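Colleague: I would like a close look at one loop in this model, followed by what else the chain shows in the way of pairings and packing. Please keep it plain.

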Amino acid sequence: MTHDPVPLHRLEVPAPNVLPFAIGSFDTIGPLSRAAFPHRHVFHEIVYVTSGRGTHVVDTVPWPLRPPNLCLVLPGQVHHWRGVSGLNGWVVLFTDDFLLTHPEDREALRALRERPWLCPPREEAVRLSALLREMEREYRVRGEGFVSVLQSYLHVLLVRAGRLPGGGTPASAAGRAAELAARFGELLEDPDTGPPPVRECAARLGVSVGHLNEVVKRATGRTPGQLVRRARVLEAKRLLAGTGMTVGQVARRTGFADPAYFCRFFRRETGVSPGAFRRGADGGGASGDGGTGGDGGTVPNHHDR
């Protein structure tokens with residue numbers, strides 16, 4: 001396993017074999033819920049900010065706080081809080097295992113990734129606060145059948161988030177083809193290995209390159225090659241902005257043996273050199289969309305270094 005230069009946090013809950021889920025405030029979840037250093041998770045995180053000032057940076061893109069805000073961070077994404085004060089709201093943490101009763105929620109999460117910082121209108125903000133307050137009470141009291149209740153509440157939360165302006169809608173593709181395309185996307189998001197080449201992805205998925213191309217293009221509108229390049233650019237941006245690795249080290253980490261070729265690739269895909277991108281990120285001016293142009297009461301520390 002390759003060492004990940006970005007701190008990787010794992011979800012630890014009081015009874016992890018029973019409930020791979022936690023909800024609480026920024027204070028009860030722990031100080032890492034508002035960490036000021038770039039890090040990533042092996043779990044999903046939904047943050048609902050009801051008050052506070054500052055900025056949330058997700059994959060190098062800064063999102064200014066204008067509460068209420070609903071934020072999604074997927075496994076593998078690099079994020080941190082910058083210059084925050086008075087941060088209040090709810091933090092929801094869960095792994096893929098918690099989605100087994102509603103597998104369609106995985107597609108909803110992927111769709112929401114395209115717009116990770118949402119601004120609910122006033123009436124919907126009131127409803128979201130009421131839903132999260134009830135989720136927290138259910139988690140704390142743990143009455144009979146509470147796990148299934150929490151799973152249902154989470155499903156409702158994701159559906160409502162998808163209805164918000166800019167929230168997106170899950171793709172309608174279904175069946176084995178959609179499952180294959182989703183598994184391909186998971187390979188690209190693995191923080192331990194980085195985005196593998198298309199041919200390696202096809203081999204690991206047990207299909208031909210041609211079939212993978214057809215399925216992924218139909219499900220996403222992009223070819224596997226385009227998505228691999230997008231994932232490599234995004235990982236390179238994460239490492240350039242969030243670590244002290246040299247350009248050569250970033251190149252090797254993202255699958256390029258030749259740093260010079262990596263620099264040409266990065267400039268072609270983003271319009272700037274790796275060095276220029278790092279200087280912009282250090283100055284808080286990094287831009288891009290992450291694409292190829294761009295537990296009762298107190299919960300123990302749920303982010304474990």
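In which loop does P68 lie?

Modeller: P68 lies in the loop between β5 and β6 (69-73); helices (H or I, at least four residues) and strands (E, at least two) are DSSP runs, numbered from the N terminus. This is a predicted model, in which local features need pLDDT of at least 70 and side-chain atom pairs count only at pLDDT 80 or more, while totals for chains, interfaces and linings use all residues. Residues are numbered from 1 along each chain as its sequence is written, and side-chain values use heavy atoms, with hydrogens and water left out.

In that loop, the bond joining P67 and P68 is a cis peptide, with omega about 0°. Most residues other than glycine have a negative phi, and most peptide bonds are trans. R142 has a positive phi, near 55°, and is not a glycine. Its place is in the loop between α3 and α4. At 28% relative accessibility R142 counts as partly exposed; buried means under 20% relative accessible area, exposed over 50% and partly exposed in between (1.4 Å probe, protein chains only).

The helices on either side of R142's loop pack against each other: α3 (residues 122-141) and α4 (residues 146-163) have axes 10 Å apart, at an angle of about 160°. That makes α3 roughly antiparallel to α4 (angles under 35 degrees count as roughly parallel, over 145 as roughly antiparallel, 65 to 115 as roughly perpendicular and the rest as oblique). Axes are lines fitted to C-alpha atoms, for helices over the stretch in contact, and angles run from 0 to 180 degrees between N-to-C directions.

Now the charged pairs. The whole structure holds 12 salt bridges, each a side-chain nitrogen of Lys or Arg within 4 Å of a carboxyl oxygen of Asp or Glu. One of them joins D59 and R238, at 2.6 Å from N to O. This pair links distant parts of the chain, 179 residues apart: D59 is in the loop between β4 (44-58) and β5 (61-64), and R238 is in helix α8 (residues 224-242). Both D59 and R238 are buried. They also belong to a salt-bridge network with R40 and E235.

A second pair is E186 with R106, at 2.2 Å from N to O. E186 sits in helix α5 (residues 176-188) and R106 in helix α2 (residues 104-113), so the bridge ties together parts 80 residues apart in sequence. E186 is partly exposed, at 30%, and R106 is partly exposed as well, at 29%. In a third pair, E138 and R137, the closest N and O atoms are 3.3 Å apart. Here E138 is buried, at 11%, whereas R137 is partly exposed, at 34%.

On cysteines, the count is zero disulfides, taking a disulfide as a pair of cysteine sulfur atoms within 2.5 Å. C71 is buried, with a relative accessible area of 1%, and C201 is buried too, at 0%.

C201 belongs to helix α6 (residues 198-205), where the buried residues are V198, C201, A202 and L205. They span an arc of only 100° around the axis, which puts them on the same side of α6; the arc is that of the directions from the helix axis to the C-beta atoms. Exposed residues R199 and A203 are on the face turned away from that buried side. Just after α6 comes G206, with a positive phi of about 75°.
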